[in-house]
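Biologist: I would like to learn how to read a model like this one. Could we go through it together, feature by feature?

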Amino acid sequence: MILGGVEGEDYLRAKSLVITYVLNNSLDEETIQRVESWERLLRHYLYELSMTAPGKVGAQVFFSTGVSLEEELNKSTNTDVRIVVLSYLVMFLYVSLTLGSNSASGSGNSLIGSLLTWITGLPKLFRRKQVDSSVNPDPDRRPTWLPRLPSKLFIGSKFFLGLFGISLVILSVAASVGMFSFLRVRVTLIIAEVIPFLVLAVGVDNVFILVHELDRQNAVHGPNAQNLATAGHGTRPLSPSSYRSPFASTHDESDVDGDSMPIHLPAEERVARAVAKMGPSILLSTVTETTAFALGAIVPMPAVRNFALYAAGSVFLNALLQLTVFVSAMTVDLRRVEHLCARFTTCDEFSVANVLEGERKRPESSFISEPAASWIDDFLKWTDPVLETCCRVRKNNPTIFCRPSDSERLCRPCFEDAIPPWNVTMEGLPEGPEFIRYLDQWLKTPTDEDCPLGGQAAYGSAVALSADHSTVEASHFRTFHSPLKSQADFINAFEAAHRIAADLSKETGTTVFPYSLFYVFFDQYAHIINMTQQVLGLGLLSVLIVTSVFLGSWRTGVIVTAVVALTVVNCMGVMGIWGISLNALSLVNLVISLGIAVEFCSHIARAFMGVGSILPADHPNGQRERDERMWSALVDVGPSVLSGITFTKLIGISVLALTRSRLLEIYYFRMWFTLIISGVLHGLVLLPVVLSLAGGPGYALEDADEEWMSYAIRKPGDFEYT
């Protein structure tokens with residue numbers, strides 16, 4: 001109990017009063033539930049008291065319980081559930097609607113064209129009907145009260161294919177949660193909120209890339225490929241990846257033999273060609289992201305370690321499902337379209353009590369405001385024979401302690417006739433086994449009006465005796481921090497407590513460690529910088545190794561790794577400008593930024609290397625050739641990166657700008673918005689420039705991946721065309 005605003009010794013006129021109830025902790029779940037239930041009843045009573053006390057007695061009541069922090073965190077988490085769900089729904093809707101949006105392009109048969117026709121025809125409904133036998137109007141252009149939507153909008157749309165791709169994201173997260181929960185890896189708040197969003201943001205990219213490549217294969221080898229053939233020539237049309245660039249040379253080049261590959265290919269083979277073309281880049285990004293996230297498991301911080309495991313598992317399972325189940329769904333959807341319309345966390349100077357008292361006298365650096373509750377001082381004072389009502393033994397048998405209810409004529413003070421006599425110099429005090437015997441009794445003595453020094457209530461759980469009650473194995477000294485008002489105060493108090501504990505351990509030769517409820521949340525700041533350097537450093541190293549191996553060029557691997565590193569550094573720089581602290585949440589987001597930055601770069605780099613080269617790097621025309629390869633790479637996968645990676649994430653994260661939660665706004669909206677903008681600028685602007693200047697040589701001019709796949713599938717007698 002602490003009194004505040006006391007003038008002199010007039011304690012009855014104190015202006016404030018602080019009462020602290022300390023409950024025993026336990027490892028027994030039933031005991032914990034009873035304690036928490038008692039706390040909730042106490043909180044309910046204190047809440048009602050705080051509402052009525054100002055009017056009745058003119059006093060203000062403020063309170064806090066052990067369960068308050070957890071409940072406030074849950075309340076903050078649940079505040080913006082609708083905003084988070086809306087963010088997911090917007091991304092779901094965007095993905096579902098934009099997949100296959102080019103299926104029914106064209107002004108006449110498009111949705112926009114149909115709406116324009118309907119709007120321009122509305123005035124005609126209010127005019128008198130005029131007979132015009134010379135013109136037979138197009139039925140689709142006749143004015144109607146309701147717009148005629150094109151049938152291709154429903155047939156060519158990949159809405160359900162997009163929903164199926166999103167369902168695979170949910171399945172991969174569920175599978176990862178099930179697998180790691182079975183392995184007893186706990187699900188944390190960060191995992192529950194971030195992992196689905198992360199896997200959706202990462203996984204949907206592969207969906208866009210596969211679908212867009214399939215659209216290109218359909219344009220070249222689908223049922224309507226003959227409409228794209230070059231007029232007057234018997235050759236098949238060029239694929240979009242082989243369109244002539246503006247940098248192309250003017251000398252004659254031999255064309256591909258038109259008879260070596262049929263114009264029309266079955267749906268299975270077109271899907272196989274799309275997977276063969278984009279599979280290597282998907283494998284590259286998946287292995288890189290999974291490795292980068294998995295390296296976070298070496299971090300001792302549970303929140304980061306668990307997140308890394310769940311993220312790595314979810315990303316890997318999602319990619320596995322996409323390259324198997326989703327590919328099958330693409331084939332089924334393609335068959336459907338073509339079937340319909342052919343489209344597509346005391347004594348000694350340096351004794352614990354003395355050190356804590358000394359630190360209390362300088363609260364500006366120790367953040368300690370109250371004297372420590374020292375059990376050894378109170379216990380030895382309890383044995384003082386001057387206090388006749390505290391430690392008592394039977395007169396006829398001093399080996400038997402008296403109970404508080406025993407008569408005074410039967411008992412006497414414990415050390416009343418001790419030789420040497422009890423004194424504050426610690427001579428005559430119990431030692432060895434006698435010390436333990438008196439200590440054990442003290443810990444059983446309740447605090448009452450006659451003897452307020454009984455140790456049962458205040459120190460019953462502060463001292464841990466060995467199983468045979470021969471030694472003291474552990475104990476704690478309780479004190480209070482000065483009022484902590486800001487995050488800096490909490491961090492400094494945490495560091496001061498650990499400094500004091502380290503000094504005590506060094507001076508006493510025992511293991512001393514501090515604990516307070518908020519230490520669990522601020523322990524991260526003691527290691528956050530080293531962990532950030534370790535995790536990001538290992539992540540970048542894994543990106544370098546994986547990209548160099550899968551791209552077949554250390555020069556291109558170094559460039560991709562450097563651009564990814566610059567993206568992460570850019571995010572860290574914006575953190576300082578935008579007031580985002582470095583903690584477990586922001587570290588998780590930095591790990592995410594490393595993984596997603598690979599998404600913006602790997603597909604461009606893979607396409608750049610896949611074009612092929614015939615000139616050495618030091619050839620006079622080597623620069624021109626790299627420019628052509630870069631142009632082809634941007635034409636080939638640039639739109640997929642822009643629409644599938646950038647817009648998907650940007651639209652989903654923009655909804656979080658409406659949130660009222662500072663947590664979601666600062667650590668999710670601000671950081672993810674920065675990541676997306678930085679990633680697209682580095683991936684689509686900086687990376688192409690650097691690759692065109694110093695990129696590694698492309699793969700040998702052999703058959704393209706999709707041509708190899710067709711050759712592997714197509715064998716004599718396997719397919720027949722009519």
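Biologist: Let me begin with one residue: does Phe367 count as buried or exposed, and at what relative accessibility?

Modeller: Buried means under 20% relative accessible area, exposed over 50%, and partly exposed in between, with a 1.4 Å probe and protein chains only. Phe367 has 13% relative accessibility, so it counts as buried. Its phi is positive, near 60 degrees, in a residue other than glycine. Phe367 sits in the loop between α11 (363-366) and α12 (375-382); helices here are DSSP runs of H or I with at least four residues, strands are E runs of at least two, and both are numbered from the N terminus.

Biologist: Which loop holds Arg184, and is Arg184 buried or exposed?

Modeller: Arg184 lies in the loop between α6 (159-182) and α7 (189-221). At 76% relative accessibility, Arg184 counts as exposed. Arg184 is not a glycine, yet has a positive phi of about 65 degrees.

Biologist: What should I know about the model itself, and what is its average pLDDT?

Modeller: This is a predicted model, where local features need pLDDT of at least 70 and side-chain atom pairs count only at 80 or more, while totals for chains, interfaces and linings use all residues. Residues are numbered from 1 along each chain as its sequence is written, and side-chain values use heavy atoms, leaving out hydrogens and water. pLDDT is the predictor's confidence in each residue, from 0 to 100. The protein chain averages 77, and 77% of the residues score at least 70. Among its elements, helix α5 (residues 151-155) has the lowest mean, 56, and helix α18 (residues 554-577) the highest, 92.

Biologist: Which residues touch the most other members of the largest nonpolar core?

Modeller: A nonpolar core is a set of buried Ala, Val, Leu, Ile, Met, Phe, Trp, Tyr and Cys residues joined through side-chain atoms within 4.5 Å. The largest has 100 residues, and Leu198, Ile592 and Trp672 touch the most other members. Helix α19 (residues 584-610) gives the most to this core, with 18 residues.

Biologist: How do α17 and α19 pack?

Modeller: Two packed helices are described by the angle between their axes and the distance between the axes. Axes are lines fitted to C-alpha atoms, for helices over the stretch in contact (heavy atoms within 4.5 Å), and angles run from 0 to 180 degrees between N-to-C directions. The axes of α17 (residues 528-551) and α19 come within 11 Å and cross at roughly 15 degrees. That makes the two roughly parallel, a word for angles under 35 degrees (over 145 is roughly antiparallel, 65 to 115 roughly perpendicular, the rest oblique).
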